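Trainee: Got a minute to walk me through a structure? I'd like to get a feel for it before I start clicking around.

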Amino acid sequence: MRFRIYKRKVVILTLVVVICGLAFWSSGRQKKNDSGAFPKEVETPRRSSSISSSSSSSINNHIQVQATPAVSRAPAPPPVIIQANVTHPEKVKDKEKIPKPDVDNTTLVYRGIVFQLNFDQTIRNEEKFKTARQKDDLVVVVQVHNRPDYLKLLVDSLRKARGVESILLIFSHDYWSPEINKVVASVDFCQVLQIFFPFSIQLYPQEFPGNDPRDCPRDISKKDALKLGCINAEYPDSFGHYREAKFSQTKHHWWWKLHFVWDRVRALKDHKGLVLLIEEDHFLSPDFIHLLKLMSALKREQCTDCDILSLGSYSHIGYSSKANKVEVKAWKSTEHNMGMALSRETYQKLIQCTDTFCTYDDYNWDWSLQHLTVSCLPSYWKVMVSEAPRIFHAGDCGMHHKKASCMPLSQKTKIENILQSSGNQLFPKNLLIAKRLPANGAGGVAPHVKNGGWGDIRDHELCKSYVRLQ
């Protein structure tokens, strides 16, 4: 009897323990499910959404010309650049131990802003001039560095141009500056788009394409560079010098801008009109748009094989008896690199020569183009150029000038005096071809010498990559 009682108690006790165990297990499972209501896969998008929202706020603040970045978005991916100095595996391992330059948060913020603005492509004043601008009207592209005083002069000259309300004005920057943005924001006379070269020295200050502290000094010999182990030791230029980022950047920017405008700006996807290329230190006459229309018509009628229309050369010829005359000749970089207007057809021929342009050892974009005219293009370039210039070079200092001080206002006065004294010669009713290259003309003009500064294989590969980016 006692055995039965004990057996019954053991069974009951066992059942109680099992029930309690099930209860605890069920409770623990419920708590685990509650705490994991947002697994990582779900949390990540939510966090990303938050970052995107704050990024949008930051970019809007910057567009309003704020001096200091407030909030960062996820930075744009850095360029994929091959290592210049390919060495043995043992040396590669040693190089991996060398710490890479740090990138500060402000630089990452700028990269993010540039990436976003190039993607968004917001056109200002679009609604205001929607009816004034017709399909295939002129596009004016300004390459801008960091000379706001000259940029102001250019904007002032554009403001006075007849018909300017019909253009799309694109500013292509390689330097983020509140002062420059303020000048651009003052443009209220036409549609405006800002684009930014995404591989500038400002965005990569301590690494290629900027100034990597591991790069070779400019004037070191190749033998000493190899001993030193600097990363581009194998690739000096034709004169034995190593790259200088401040000189390489302009050619990079020019080629990237050309491709981005024609193939990446969505508003120009089907553009069949002209694109006029100018720079921040240029000054335009009031009738430059009128003249380009006349030149375009003359090209269709009498010079179908003209590749480039040029607003003028550097010689300030008097307007008397010249204002309605153009010449057709072989394109020369020293004469016709200002105010170049080209069609999509010319661009497409040019972009086929990407490898030649990007590997030619000259840091000047215009001398590199000169090389293309005799080495790669189907035929040398023919240019139709105005005898009386409608474009002027106001810059008396810059990359190729070593003046101690710049005097933009004095340059403005000189140019305005020329235009005022020739006011009655502007806006001709028609154009005449005063001089024409013979049908079997002398052919293209080869560069007399390479200027160097473009021997680094990293510059070559980055330059060639633009057609594949974005």
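Mentor: Sure, we'll start with the whole chain and then visit a few spots.

Trainee: What should I know before reading any values?

Mentor: This is a predicted model, where local features need pLDDT of at least 70, side-chain atom pairs count only at pLDDT 80 or more, and totals for chains, interfaces and linings use all residues. Residues are numbered from 1 along each chain as its sequence is written, and side-chain values use heavy atoms, with hydrogens and water left out.

Trainee: OK, how many helices and strands are there in the protein chain?

Mentor: You'll find 15 helices and 11 strands. Those are DSSP runs numbered from the N terminus: helices are H or I with at least four residues, strands are E with at least two.

Trainee: And what share of the residues is buried?

Mentor: 46% of the 470 residues count as buried. Buried means under 20% relative accessible area, exposed is over 50%, and partly exposed is in between, using a 1.4 Å probe and protein chains only.

Trainee: Which helices could I look at as a pair?

Mentor: Try α5 (residues 148-159) and α6 (residues 178-185), whose axes come within 10 Å and cross at roughly 5 degrees. The axes are lines fitted to C-alpha atoms over the stretch in contact, and angles run from 0 to 180 degrees between N-to-C directions. That makes α5 roughly parallel to α6; angles under 35 degrees count as roughly parallel, over 145 as roughly antiparallel, 65 to 115 as roughly perpendicular and the rest as oblique.

Trainee: Which residues make the contact?

Mentor: From α5 it's Pro148, Leu151, Lys152 and Val155, and from α6 it's Glu179, Ile180, Val183 and Val184. Contact here means heavy atoms within 4.5 Å.

Trainee: New topic: where is Asp281, and is it buried or exposed?

Mentor: Asp281 lies in the loop between β4 (275-279) and β5 (282-284). Asp281 counts as buried because its relative accessibility is 3%.

Trainee: What does Asp281 touch?

Mentor: Not counting residues up to four places away in sequence, Asp281 touches Arg147, Tyr150, Phe392, His393, Ala394 and Gly395. The side chains of Asp281 and His393 are joined by a polar contact of 2.9 Å. A polar contact is a pair of N or O atoms within 3.5 Å; within protein, one must be able to donate a hydrogen and the other to accept it, and residues adjacent in sequence count only if both atoms are side-chain atoms.

Trainee: What about Leu291?

Mentor: Leu291 sits in helix α9 (residues 288-302) and is buried, at 0% relative accessible area. Beyond its neighbours within four places in sequence, Leu291 contacts residues including Ala323 and Pro428. The C-alpha atoms of Leu291 and Pro428 are 7.8 Å apart, although 137 residues separate them along the chain.

Trainee: Any backbone oddities?

Mentor: Most residues other than glycine have a negative phi, and most peptide bonds are trans. Asn125, though, has a positive phi near 65 degrees, in the loop between α4 (105-120) and β1 (139-144). Phe427 also has a positive phi, about 55 degrees, and lies in the loop between α14 (408-421) and β11 (432-436).

Trainee: Which residues does the cis peptide bond join?

Mentor: Phe208 and Pro209, with omega about 10 degrees. Pro209 lies in the loop between β3 (191-196) and α7 (222-228).
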